[in-house]
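Hi,

As promised, here is the structure for you to look at. My notes on what turned up follow below it.

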Amino acid sequence: MSQELYTQLAQAVIDGDEKVAMSLTKEALTRGLNPLEIIKEGLTSGMEVVGEKFSRGEYFLPHLVMAGNTMKASLTWLEPALKTSGMVRETLGTVVMGTVAGDIHEIGKSLVGTMLAANGFVVHDLGVDVPTSKFIETVRETGANLVGLSALLTTTMSVQRTVIEELTEAGLRDQVKVMVGGAPVSPQWAQQIGADGYAEDAAGAVTLARRLVGADG
Amino acid sequence: MQPKINLLDDVLVERIVAEGFELLQDPGVKIHSDEALSLLADAGADVDLRAKVARIPQPLVEKALATAPSGFALYDGEGNVAVRYEGDHVQFDPGSAAVNILDGETGQHRKPVTADYVRYAQLTETLPAYDAISTAFVCSDVAEEIGDLYRLYLSLLYSKKPVVTGAFRIDTLHVMKDLLVADAGSPEALAARPRAVFDVCPSPPLLWSELTCQNLIDCARYRIPAEIVSMPLAGSAAPVTLAGAVVQHTAECMSGVTIHQLANPGAPIVWGGAPAITDMRFGSTPMGAIETGMIDAAYAQVGKRLGMPTHAYLVASDSKLIDAQAGFESGMSALMGALAGINMISGAGMLDFLRAQSLEKLVVDAEIIAMVKRLLRGIEARDDSLGAALIRAVGHHGEFLGQKHTLTWFAQEQHIPSDVVDRNSLTTWQNAGSKTTVDRAHEQVKSLLATYQPRPLPDEVRRALRDIAERAARQFGMERLPPLPGDAD
Ligand code: B12
């Protein structure tokens, strides 16, 4: 019985149908199903299908984003349930993502966030023009183990360095791996400012993040 | 007759304009500038200061569109009209603000430095296809805070062409204005004969950042022409439908024109943009996509309908090197922009989604532009008898090469390309080393640079420019600017 529900939930994620996914999630919870199992068998398995189809060129970004939003919407119901039952969702890691102060380029950063979320990371997207202190605060609050800094301007690249310095100052540098990206950013720059990695695009960001958290063995 | 294309029928144009007006009232425009918000509020817009949203009534926009000049000129360093933003005049300049240069020697994308910029400015000066120079890339060997103004400084030193530029900060725009005043001789001279136009980009959808909005207002106050570069990215930061993207462009430009005209009625302003579609596989924003060019041509039509001078970003490719893709994307988009009658088409030389500039590509694109300009001259009736009289006179076995008619007209009828375009026989081509377009372009970069004539700039102007740039550099912790070729030290 529950398997059927999971299959439907997975399908709702694949279809990017938030409404259906939410009602199925609620139903699963009222039936007393294990929230971790709902996530794993329903949401994640749906997301995996979408990810595969995307990498095969069958699905496109709108599919991916819609599926991601659907999963997120369901999680808003599941997370409180997890908390009350004292369970912890298994994820690859928690990422604090944002475009640095003075820079309002959004699309690349959001895409990276979406892809990371689709691949098993919890993503806190702080948006654009994010004050450096906000990165520090959020890392502290969430206990994140990854930070993603986007900068699209030659004038804002240096803020990536500032964030890294402030993380060190706040005593958080050892807790997190820092990834940087954006049009003017290069691997050399990443190295120069003491970041842990650079990726050129969203797919590369996923590979990088997996490597940094040791998910690839 | 100048050939022309229209992608929108009249009904669609009116619907787009109507939806533009509609959007300015609901949901309105988000503006991170208290000055702009208060200008709008004073003029009768419904402004929510906390949410920073202005709902702008249609009559206010119409008034701004009416006070905005339908045309203006840019002048070269010698005081001659060199660019006309007006009617269906079509002109070209290289793309702006690249972060990389494609090194012609190594084939690598790398950070550009001062020496690259000097070569770029000198090369552009020698290529008549470019009606204006743009501040094409940012030099990595100066403090990043002066990256924008330093480009303008070097452009003024090495080129007499008008400049298409833009500021990356609020404070540097004033320094850039000082450079232009020093170049013109006085603020009055600059106002009378503007030399440069400043790009200002609203943020899609319907938002003005503090930086760009302040740049817009400051340009208006100084009467330095401003160019609204609205970038609906269809499918990611704008509707995926091309008509929907044009609607968003219309509303953003209307809001910009309104703020600008309230700051200084009658100041020159351009209906421009750098839209792109979003590639749904990679999230990239291809400049070479045919739909990107379609959005440009369509919004230009809307701009013209509203009586505005126009601008677009075309002649750029997403390829990483100069190859067939770079050629066809740049060629097709140049043609599309030109046939749409866009006054200033920026983007030549660019690769990799506006990330990289290339001197070799500038040379190749100059060939495209020259051909496109030939197309725009159209087909004319040169003689009373178009051909019949001559053909009859030559007869069935005659040839035309020896006719006076041919000698009289060939150079006007035909554009003769440079050696970058190969029209030789196979053997001649092989004997010359079987060179590719890029090989030939690379050689031409060198030979053109050898012909470069320095701009005759009075010493005191040169010194004044240098003082301004050095003062700005010192302010940001740079004691000296990088040496320029020919500097004593
Ligand atoms: C769209 C755009 C804008 C839009 C942004 C809209 C939005 N809502 O995001 C608007 C109009 C607001 C804008 C404004 C400006 N822009 Co702009 N913009 C662009 C453009 C054309 C595309 C950026 C984009 O979205 N690309 C698509 C996404 C998917 O790619 P991406 O951002 O590179 O992200 C990918 C990778 O870089 C990587 N990545 C990105 N972030 C991260 C982070 C991590 C951790 C990792 C691992 C990877 C990663 O993965 C992403 C996904 O594949 C670029 C050109 C370019 N090619 O970058 C110019 C560009 C960046 N802009 C430029 C400029 C000059 C400006 C302005 C200063 C213009 C002006 N004078 O007004 C303003 C600055 C405003 C500000 N303070 O930020 C210049 C930068 C020049 C320079 N030397 O710094 C560029 C290069 C264009 C150019 N040549 O002129 N811009």
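A:Arg140 is exposed, with a relative accessibility of 52%, just above the 50% cut-off for that label. Bear in mind that this is a predicted model. The residue belongs to helix α6 of chain A, which covers residues 132–142. Setting aside its neighbours within four places in sequence, A:Arg140 touches A:Ala170 and A:Leu172. There is also A:Gln175, which is 35 residues away from A:Arg140 in sequence, with 9.5 Å between the two C-alpha atoms.

Zooming out to chain A: it has nine helices and five strands. Reading from the N terminus, the order is α-α-α-α-β-α-β-α-β-α-β-α-β-α. Chain A has a radius of gyration of 18 Å, and the globule rule gives 17 Å for 217 residues, so the chain is as compact as a globular protein of that length. Its C-alpha trace spans about 55 × 40 × 35 Å along the principal axes. Of the 217 residues in chain A, 46% are buried. If you take the contacts in chain A with a separation of 6 or more, 72% of them are between residues 24 or more positions apart.

On the surface side, chain A exposes about 10300 Å² of accessible area, and carbon and sulfur atoms account for 52% of that. Its side chains include 17 positive and 26 negative ones, yet the centres of the two sets are 2 Å apart.

Now the sheet. How are the five strands of the open sheet in chain A ordered? The order is β2-β1-β3-β4-β5, with parallel pairing. The edges are taken by β2 (121–125) and β5 (197–198) of chain A; each has a single partner strand, so one side of each has no neighbour in the sheet. Further in, β1 (residues 93–99) and β3 (residues 146–150) of chain A run parallel and are joined by five bridges. One place to find that pairing on your screen is A:Val96, which sits opposite A:Val147 in β3(A).

Over in chain B, have a look at strand β18 (residues 344–348). Five of its five residues are buried, so β18 of chain B is largely enclosed by the rest of the structure. Strand β6 of chain B (residues 91–94) runs parallel to β18(B), with four bridges between them. β17 of chain B (residues 311–313) also pairs with β18(B) in the parallel sense, over three bridges. B:Met344 is a handy residue to centre on: B:Gln91 stands opposite B:Met344 in β18(B), and B:Met344 is the bridge partner of B:His311 too.

One last residue in chain B. Is B:His260 buried or exposed? It is buried, because its relative accessible area is 0%, and anything under 20% counts as buried. B:His260 sits in helix α9 of chain B, residues 242–263. Apart from neighbours within four places in sequence, its contacts are B:Leu216, B:Ala220, B:Ala226, B:Ala267, B:Pro268 and B:Ile269. For a contrast between the two chains, put B:His260 at 0% beside A:Arg140 at 52%.

Cheers

Methods. Residues are numbered from 1 along each chain as its sequence is written. Chains are lettered from A and ligands numbered from 1 in the order in which they are written. This is a predicted model: local features need pLDDT of at least 70, side-chain atom pairs count only at pLDDT 80 or more; totals for chains, interfaces and linings use all residues. Side-chain values use heavy atoms; hydrogens and water are left out. Helices (H or I, at least four residues) and strands (E, at least two) are DSSP runs, numbered from the N terminus. The radius of gyration is taken over C-alpha atoms; the globule rule is 2.2 Å times the number of residues to the power 0.38. Buried means under 20% relative accessible area, exposed over 50%, partly exposed in between (1.4 Å probe, protein chains only). Contact means heavy atoms within 4.5 Å. Accessible areas come from the Shrake-Rupley method with a 1.4 Å probe; for residues, only the protein chains shown count as cover. Lys and Arg count as positive and Asp and Glu as negative; His and the chain ends are not counted. The place of a charge is taken as NZ of Lys, CZ of Arg, CG of Asp or CD of Glu. Two strands pair if DSSP finds at least two bridges between them.
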